[in-house]
Amino acid sequence: MPRAALRAAGLNDRRGRTAARAIAAAVISLATLLVAALHEHDPYDIHAGLAAQVVAGLVPLLAAALAGTCVLRPRVGFVAVLLLTPVVNVAQVCWLVVPVQVIAQTVFVVALGVGLGLRDAEPPGTELRPAAVPAEHATLRSRISLSIVAAAAMISMLALATLSTAVSPDVQLSATVLLHGILEPAAMAFILLGLRPTRRYLVLLLVGMAISVGLGGLLNMIQTIPAMGSFSAIQANRLLFSRLTYFNVGLFGEMLAISLPPLLGLLLAHRRGYLRLPRAVLVLLIATLPVDLLGLFLTFSKSAYLAAFGGCLVLLLLVVRSRRRRLSIVLAAGLVSTAVIPWPAFFLQVSPPLESAYRSAMVSLMGESRYDSWNPSTVSGRGSLLERWYAAQAAIRMAVDHPILGIGLDQFKTQYAGHYRPPEAKLDVDWAHSMLPDVAAELGIPALLLDLLIYAAAMLALWRVYRAPPDPLTRLLACALLASVVSWLLVGMAFAGDMYRPWRYMASDYVMMMVLMAAAFALYRWTLSGARDGATAGATPGATAE
């Protein structure tokens, strides 16, 4: 066929895709507008303030615009969805499509999938590569691609979760949790990888996610602080702190813990000259940091405190190369942690006056109930520590009794109350309060092993990038993402990422976690392209581009 005919065919194909995108964007936007406007819900067990009511009123228009952008420009839409997730969550959009619920995130996943499928193919050679990795660093050029291993593990886990749901005692409930807690987050991860992000795009993605969590914290404060009226009231009613944006204060703590390392990494990259951030973006990131720290404090969440400290500590230890400076960082982190984690109380028992003074200071900061929650011998500590321990033990027994497909998603409470709760336990908890036992109980031991394989592959991929980066910025991004994964594992083991509940209408924590995992493999793949063919590009210190 003559070249002119080939060019004409390509042009016609591009025009056809453009028309299809326009039609799809119009249909999805209009449907989103109508559905969102008709299916908003009041926040669970709180009254929305004036600011929240105004935001909720604007959400249908915002959601329609986001859905259209996802179709027309999926790269922009992907970041925009993550950035504005807490705003959309304020409206609590949900409607029933038998047999499962559909939420706003469902619409965005569909729109992004359509946009990815209809986007124009990139011309060969337009994807910029990193500078070649030095030949002596062979760690990146493994025979088995970690990305392929993780993708195979994820697909296998999705299949097992689907089978588990099919045989669940409550298929409709388990299917809803499967959709929002597993399938949609996994779809977001695969969509991100399908967009073939460069390092510049990954930086933009991390900026959007960091600002998003700060925006959610700001909305929480605007809603909660005026309504509570006093610090003691905020302490006593901490569980209501994030009803608008992330529903559960523990889930908000998860978001903060896994977003702080990327936020600090971006600021550090700019400070060191590896990254040139626009002034407006830099101002937003700097403003986000105190909002995040204040929001983290106001969660009064032990798991969030531990995970945030652990993740940020890992980031700093990876960035700093001197042993002396690493030791100084550990000591400084230990001193700072005494303001929110009362570990000195154990050592101060030898001096009752000092212990009493420390207790008084900590109680004034976090309240007596939260201070006592660290001590299993107290009433608060029993509920916060021992009851979780009983639940985790029960989850292990459930996994042993149902090793292949588990008991079914969101079936923990029924099984716990009926067969597995020990006599000394007082509460009928909803889940195991520890991520890995919970996965083993509800989805089975094979799903747990696949889950661990995915985390291990992501951490190994980031470690390889950290050990053999093409430039300092890539190393720092690997440090930030690795620290974020550590934060997620810490908060997941201490609290458990609760996949979804039918009254929550949001699953933002799992979406963010899966996007960060996909970003880890995307950075690894981007770096691996330089190790594979030695292509060079403008990945120089001080540039955001790739």
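This is a chat about the pockets, cavities and helix packing of a predicted model.

Q: Hi! Let's begin with the pockets. What volume does the largest pocket have?
A: Hello! The largest pocket holds about 1,100 Å³ of space.

Q: And which residues should I click on to find its centre?
A: Try Arg238, Leu239, Arg388, His433 and Phe495, which lie nearest the centre of the largest pocket. The lining as a whole counts 45 residues.

Q: Which helices supply at least two residues of that lining?
A: There are α8 (231-236), α9 (249-271), α11 (302-319), α15 (368-372), α16 (379-401) and α20 (472-494). The largest share comes from α16, with eight residues.

Q: How does the lining of the largest pocket divide into nonpolar, polar and charged?
A: It has 19 nonpolar residues, 13 polar and 13 charged.

Q: OK, on to the second largest pocket. What's its volume?
A: About 560 Å³. The lining of the second largest pocket is made of 23 residues, and those nearest the centre are Leu264, Leu293, Phe309, Cys312 and Val336.

Q: Which elements give two or more residues there?
A: For the second largest pocket they are α9, α10 (279-299), α11 and α12 (323-337). Here α11 gives the largest share, seven residues.

Q: And how many of the lining residues are charged in this one?
A: The second largest pocket has no charged residues in its lining; 22 are nonpolar and one is polar.

Q: α11 has come up for both pockets. At what angle does it pack with α20?
A: The angle between α11 and α20 is about 155°, and their axes are 8 Å apart. So α11 is roughly antiparallel to α20.

Q: Is that crossing left-handed or right-handed?
A: α11 and α20 cross in a right-handed way.

Q: Which residues meet in that contact?
A: On the α11 side they include Ser303, Ala307, Gly310, Gly311 and Val314, and on the α20 side they include Cys479, Ala483, Val486, Ser487 and Leu490. By class, the contact of α11 with α20 has 16 nonpolar residues, four polar and no charged.

Q: Staying with α20, how does it pack with α19?
A: α19 and α20 also have an angle of about 155°, with axes 8 Å apart. That is why α19 counts as roughly antiparallel to α20. The crossing of α19 with α20 is left-handed.

Q: Which side chains could I look at in that one?
A: In α19, Tyr455, Met459, Leu462, Trp463, Val465 and Tyr466 take part. Their partners in α20 include Arg475, Cys479, Leu482, Val486 and Trp488. The contact of α19 with α20 divides into 14 nonpolar residues, one polar and one charged.

Q: What about α5 and α19, how do their axes cross?
A: The axes of α5 and α19 cross at roughly 160° and come within 9 Å. α5 is therefore roughly antiparallel to α19. This crossing of α5 and α19 is left-handed.

Q: Who meets whom there?
A: Among the α5 residues are Val149, Ala153, Met157 and Leu160, while those of α19 include Leu450, Asp451, Ile454 and Arg464. The contact of α5 with α19 has 15 nonpolar residues, one polar and two charged.

Q: Changing topic: how many cavities of 30 Å³ or more are there?
A: Seven. The largest cavity has about 180 Å³ of space.

Q: Where does that largest cavity sit, going by the residues nearest its centre?
A: Look for Met157, Asp451, Tyr510, Met513 and Met514, part of a lining of 17 residues. The elements giving two or more residues to the lining of the largest cavity are α5 (146-166), α6 (171-194), α18 (435-443), α19 (445-467) and α21 (508-533). That lining has 15 nonpolar residues, one polar and one charged.

Q: And the second largest cavity, what's the story there?
A: The second largest cavity has about 130 Å³ of space. Its lining has 16 residues, with Thr85, Val88, Asn89, Ala104 and Gln105 nearest the centre. Two or more residues come from each of α3 (74-89) and α4 (104-118), and α3 supplies the largest share, five residues.

Q: Last one: what classes are in the lining of that second largest cavity?
A: The lining of the second largest cavity has 11 nonpolar residues, five polar and no charged.

Technical notes:
Residues numbered from 1 in each chain as written. Predicted model: local features only at pLDDT ≥ 70, side-chain atom pairs only at ≥ 80, totals over all residues. Heavy atoms only, no water. 1 Å grid on protein atoms, 1.4 Å probe; cavity = no way out; pocket = protein on both sides within 12 Å on 5 of 7 lines; lining within 4 Å. Points joined across faces, edges and corners; volume = space filled by probe spheres on them. Helix = DSSP H or I, 4+ residues; strand = E, 2+ residues; numbered from the N terminus. Nonpolar A, V, L, I, M, F, W, Y, C, P; charged D, E, K, R; others polar. Axes fitted to C-alpha atoms, helices over the stretch in contact; angles between N-to-C directions. Parallel < 35°, antiparallel > 145°, perpendicular 65-115°, else oblique. Left-handed = near helix turned anticlockwise from the far one by under 90°. Contact = heavy atoms within 4.5 Å.
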